[in-house]
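Reader: I would like a close look at one part of this protein, the strands and how they pair. Please go through it in order and keep it plain.

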Amino acid sequence: SSKDIALFRLNNELLNIRNFDIFDSIVVYPNPASKKLNVRLKEGVLGLSLRILNTYGQLLYEGAYLNEINVVNFQSGTYIVEIYTDKGSAFKKVIFD
């Protein structure tokens, strides 16, 4: 398959989704989330780490890849979840309420 590139801006910082194949291999739900956010990867994709940023680009969480993230202590709002895998990385926009 071809390696499509998409570029986005978040607070003047260029965000890069390197490969649409990896973007489609990651599912984040529920959205909006109020207690727990689930992160699922398609079979054959290994999760390495993840980060959560607010819309100002501030890093709020960074750690090992988790299938489930407790979001109770996050303020209501829009966030970017950045997922790193052995196949590449992708960003997902989520809402915590």
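Author: This is a predicted model, and what follows describes that model. Start with the open sheet of four strands, whose order is S6-S5-S8-S9 and whose pairing is antiparallel. At its edges stand S6, residues 59–64, and S9, residues 88–96, each of which pairs on one side only. On average, neighbouring strands in this sheet are turned by 15° against each other, direction ignored.

Within this sheet, take the pair S8 and S9. S8 covers residues 77–85, and nine bridges join S8 to S9 in the antiparallel sense. One position in the pairing can be named: Thr78 of the model has Ile95, in S9, standing opposite.

Ser76 belongs to the loop between S7 and S8. Is Ser76 buried or exposed? Its relative accessibility is 58%, and the cut-off for exposed is over 50%, so Ser76 counts as exposed. Its contacts, once neighbours within four places in sequence are set aside, are Phe96 and Asp97. For Phe96 the spacing can be given: 20 residues separate Ser76 from Phe96 along the sequence, while their C-alpha atoms are 5.0 Å apart in space.

The loop that holds Ser76 also leads to another sheet, since S7 is one end of that loop and S7 is a member of an open sheet of three strands. The order there is S3-S4-S7, again with antiparallel pairing. S3, residues 26–29, and S7, residues 68–70, are the edge strands; each has a single partner strand, so one side of each is left without a neighbour in the sheet. The average turn between neighbouring strands of this sheet is 15°, direction ignored.

S3 and S4 run antiparallel and are joined by four bridges, with S4 spanning residues 36–41. Among the paired positions is Ile26, whose bridge partner in S4 is Leu41.

Ser25 lies in the loop between H1, a helix of residues 20–24, and S3. Which residues does Ser25 touch, apart from its neighbours within four places in sequence? They are Arg40, Leu41, Lys42 and Val45. Leu41 thus appears twice here, as a contact of Ser25 and as the bridge partner of Ile26. The relative accessibility of Ser25 is 12%, and buried means under 20%, so Ser25 counts as buried.

To put the two serines side by side: Ser25, in the loop between H1 and S3, counts as buried, whereas Ser76, in the loop between S7 and S8, counts as exposed.

Conventions:
Residues are numbered from 1 along each chain as its sequence is written. This is a predicted model: local features need pLDDT of at least 70, side-chain atom pairs count only at pLDDT 80 or more; totals for chains, interfaces and linings use all residues. Side-chain values use heavy atoms; hydrogens and water are left out. Two strands pair if DSSP finds at least two bridges between them. Axes are lines fitted to C-alpha atoms, for helices over the stretch in contact, and angles run from 0 to 180 degrees between N-to-C directions. Buried means under 20% relative accessible area, exposed over 50%, partly exposed in between (1.4 Å probe, protein chains only). Contact means heavy atoms within 4.5 Å.
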